[in-house]
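Have the sequence and the 3D view open side by side, and take your time with each stop on this tour. Let us walk through the structure together.

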Amino acid sequence: MYLFLSVVLFQTPLTVGDQVTFSQSKELQLETQPGFALSLVVDQQGCDVVSRLYAGDLVLGTWDSSRGLIGPELIVYPNSDYRSLTLKTTVSQMRENGVYHIEWRSSDPINETHLRHFEFSKKLVEAEALHLVGDKTSLEQAMVLYTQIAQQASGPDFLYFHAVAENNLGHCLVLTGKFEEAEAHYQAGLLTFTELKDDWGIGRAHNNIGELAAQRGQMEQALEHLTQALSYRKKARDDEGIAGTLNNIAIIYARQGDYRKAMWQFKEALALPGLDDRLRASFLANLGFVQQALGLLKEASEAYRLAIQLQEGIQDQRGLAITLNNLAAIYRQLGYWDRAFETYTAARDKFILVGDRRGEGHAVLNLGILYTQHGEWVLAEAMQAKAAKILEEVGERSALVDVCANWGQSLAQLGQIEASTSTFAKARVLAEEADYLPGLCKIELLEAKARSTLDGPAAESGFQKCLNRARELGLRAMELEALYGLAGFQLKQGAQSMAREWSQQAVEMLDDLRIDVELGSARSHFLANHSAVFDLAIHCLDGLPAEERPLARLCMVERAKARSLADMLASYRREGLQGVPASIVEEEQALRDQIRILQGRLIRQGPDQRAKLQAQMSNLLIDHERVVGQIRHASAPFSQTFASPVFELPTDFLNSQTAVISYYLSEPQSYLLVWVDGRVHEFAIPGRQEIETLIQPITQMITKPVERQIPRLNALLHQLYQMILAPAQSELTGVSELVFALDGCLFQVPPSCLVLDSELEPQYLIEKVQVSIVPSIRSWLMIRQRPPVATHGLLAFANPFEAGPGTERVVAHSRERFGPLPFSEQEVADLPALYGKEAKIFSGPAATESVFYGQGPKNRIIHIASHAWVDPSDVGLSGILLAPDADSDGLLQVYEIMGLNLDAECIVLSACNTAGGHEIWGEGIVGFSHAFFYAGARSLLVSWWPVQDQATATLMHEFHRAYRLKPQIAQALRTACVKVRNQKETRHPFFWAAFTAMGDAIHN
């Protein structure tokens, strides 16, 4: 019979044949006879139960199933002395709806089998407790007990003990770096679990063998075993095991550089039902690790912080220490040395608190790496020496290999060459003894770096060995580091030809890796995170002949610029989104709905809840971006969703009146590249820091229209002109159109307001030539190659507010308030007179987002005069205000724009800071412009700062008048800017220089 109890204790003594079900810790009375053995089963479903048998206050035995949250736990106790016993069950972990059943199966006269079963149970519990402690002494003691069980548990009644002991013995050997012995025991455990037809055990054994293979660098073998583990764990309905195996598979993909697969494996693990907070926190931390590798540092930080919240809630001090350790690495990567030091120290202290010497050793190692990257070699060496001592004490050889490799590098930097050599040698011996092949790869890389300034042949040989081994093991991230190291070494040696060859291979490798990253923002951040590879390749071109170098440099710079945007543009198709599976369309709509719901929740939450919801929002935006990419891919005639990495300048693209100005900012010098009249010219200009120093006061003054500051501002703008454009002045004679491909801090100052002459009547660049901006030459080419634009006319939106007072609106979850814009209606009022019946004007409550969705794809010119808001945390949530209605919230957001299918010759974003967004290395400013280009725009008018509405209305009126007379966007904007600049009250650049033409704006 089944008795379901919740609070009331089971009062009647349990007898043979009884069954009872609980969901909480309980205490049961057992009436028995001396000389008989009790056999009970605790069947766990979604909970982990520790069972103890008492005679009064005396503990007779403890049982804790190795199966964790699933499956039966057999309790056998040979009772020789007692008539009344108490079974106390304690629930240590409980999932939602978790229960356990207790059944008293038999009470038979004691025999040898009962005695041996009880003895093995005691040893197993004792060994697992020692195993959990994890220090060297405890592991050695655990291994003695596991070995005794494995040797003595023979015969069909004890096969389970044999299998578990072999499996656990293998794990202890892994922790002590004895990989070959560990594999033998894992295989023995697998054989026995297979004989038992135990799906849970088979899955566990395959999982452990796969983990070990991955640690030894045998990635294909690892994936094979983990795939089998996943299959058996699903058969056993072992949710915890399934999640663990998905986690391990994801880690392998990450090590192989296949970050896209890794990301989605982690997300699949997180989506499993019934995960307890401990596991969820662990998977969030691992997801954060992959996002960190991709350069998605904000998303990674949010994943870590969410994991930390969970771990603090359940008092998981060890898990908290691990996550803090990972979070500190982000601070280290960002250059926040103090915060990184504090967080690593906090992680170390928590490891000490829980007595985890192994974790303490890892945290100390990371402190050493932090000091290494900061160039504090004395402190780095001291930390690495301490970490080596700790990890040697606990017997963790693989981590000790990493410590010794880093230690050897620090000793070399301190000039202790003999000590460095012996430390690297020790690391190599440890790695070879443990068959730790990735460790050998790391040793070869770090030793080569250490030798690069002392022993050229040894350094070159080390980099080459690392490269070969990384290729053999499929460690693509390590392969990239080796190629980069070889290129840098050869450049230092003056072997420029070899440096170019290796750096070219590094760029090719990076391009190969980027394809395995999810399309969109993840790719952008991944490339930005590896900017040093492109930087080195660009500098390695110095040794080329003068007649070849400018073109080669420009092509390499182009290879670094706006790559993710080019990938997105490669999947654009004008004809519509026919042929897309309905399931994908429905998924996109569902994600959009979830994002809107979450935005509504965000505005009502406090800081603690907001952090959690923002992490969820980041994941939703990434998912939405992925689905939009799938829609584009399904509807477009492309087999791949990425642009070719090879870039060549077309021979017949520019006319003689046009020049392209491309910049690449770096140290110690930057490059100005000019493509004009069929040739490319290059000029060295100051380094990034010097340019940034000059631009900083310009950005402060240009956004504040203070009349008395105009002379000072013009002087600085002239100085900037002399620095970044005047060197090419002789090549620009006769040119009337300048197309700029900017870089870095140059995105903060519109080129149109560079001052050619700083006398009393200064001449601005816009007064002499047409000016436009492109994200890159490649993206410009791709935009221009699009099919002909729509034949319909103009669609305009203005002042999307109700009439009367009290009409302010709060945008989404920003909590910022925006009010009416009366001048915006004046801005569009005369458009019907200019464009005739082709012009459709929507203002006030009629200027809805729904109208934009319906009418936008049909018009070749779109003008939006409203407010824009740039989300400081998630650029995908940035939006342009339109009017709400029953079908829309009235905020046209970046993530929604990317899902549109527009066909516009020009989109005018007449609002504040519509050129704004997030600056990402190589991509420029990612925001409204990238989204509209992806959606189908050929050119844009965007603003660089918050604009003044009356001056903007005048400027836009002049723009449309000029454009209607001669439909060339850059020329029309030039005409408008000059007219506004020539009016006394608006002569400050603040009023006329804010707007810039982007995209294909010069030949429309």
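The paragraphs below look at confidence, then sheets, then two loops, and finally cavities.

Before anything else, keep in mind that this is a predicted model. How confident is the predictor on average over the protein chain? The average pLDDT is 86, and 93% of the residues score at least 70. Two stretches deserve some caution. Over residues 1–11 the pLDDT stays under 50, and the model gives this stretch 23 contacts beyond four places in sequence. Residues 637–641 also stay under 50, with 11 contacts beyond four places in sequence. Where pLDDT is low, the predicted coordinates should not be read in detail.

Now turn to the sheets. Strands of a sheet pair through backbone hydrogen bonds, and they can do so in a parallel or an antiparallel way. One open sheet in this model is built from 11 strands, and its pairing is mixed. If you step across this sheet, you meet the strands in the order β9-β8-β7-β10-β13-β26-β25-β22-β18-β14-β17. Which strands stand at the edges? They are β9 (679–686) and β17 (840–843); each has a single partner strand, so one side of each is left without a neighbour in the sheet. From one strand to the next, the twist averages 20°. Helix α23, made of residues 549–560, packs on this sheet and touches β7, β8 and β9. The direction of α23 makes about 75° with that of β9.

For a closer look at one pair in the 11-strand sheet, find β18 (residues 861–865) and β22 (residues 906–910). These two strands pair in the parallel sense over five bridges. Within this pair, Ile864 stands opposite Leu909 in β22.

Another open sheet has three strands in the order β19-β20-β21, with antiparallel pairing. Here β19 (868–869) and β21 (891–893) are the edge strands, and because each has a single partner strand, one side of each lacks a neighbour in the sheet. Strand β20, residues 879–881, pairs with β21 over three bridges in the antiparallel sense, and Ile880 stands opposite Leu892 in β21. Helix α35 (residues 928–935) packs on this sheet, where it touches β19, β20 and β21. The direction of α35 makes about 85° with that of β20.

Next, visit two loops. In the loop between β7 (658–664) and β8 (669–676) you will find Pro668. The peptide bond leading from Glu667 to Pro668 is cis, with omega near 5°. The other loop connects α4 (179–196) and α5 (199–215), and Lys197 is found there. Lys197 has a phi near 55°, which is a positive value in a residue other than glycine.

Last come the cavities. How many of 30 Å³ or more does a search of the whole structure find? The search finds seven. The largest cavity holds about 60 Å³ of space. Its lining consists of Tyr663, Leu720, Ile724, Phe740, Leu742, Leu746, Val749, Pro751 and Leu754. By class, that lining has nine nonpolar residues, no polar ones and no charged ones.

The second largest cavity holds about 40 Å³. Around this cavity you will find Lys561, Leu742, Asp743, Phe747, Pro775, Gly922, Glu923 and Gly924. This lining divides into three nonpolar, two polar and three charged residues. Look for Leu742 in your view: this residue lines the largest cavity and also the second largest.

Methods:
Residues numbered from 1 in each chain as written. Predicted model: local features only at pLDDT ≥ 70, side-chain atom pairs only at ≥ 80, totals over all residues. Heavy atoms only, no water. 1 Å grid on protein atoms, 1.4 Å probe; cavity = no way out; pocket = protein on both sides within 12 Å on 5 of 7 lines; lining within 4 Å. Points joined across faces, edges and corners; volume = space filled by probe spheres on them. Nonpolar A, V, L, I, M, F, W, Y, C, P; charged D, E, K, R; others polar. pLDDT = per-residue confidence, 0-100. Contact = heavy atoms within 4.5 Å. Pairing = 2+ DSSP bridges. Helix = DSSP H or I, 4+ residues; strand = E, 2+ residues; numbered from the N terminus. Axes fitted to C-alpha atoms, helices over the stretch in contact; angles between N-to-C directions.
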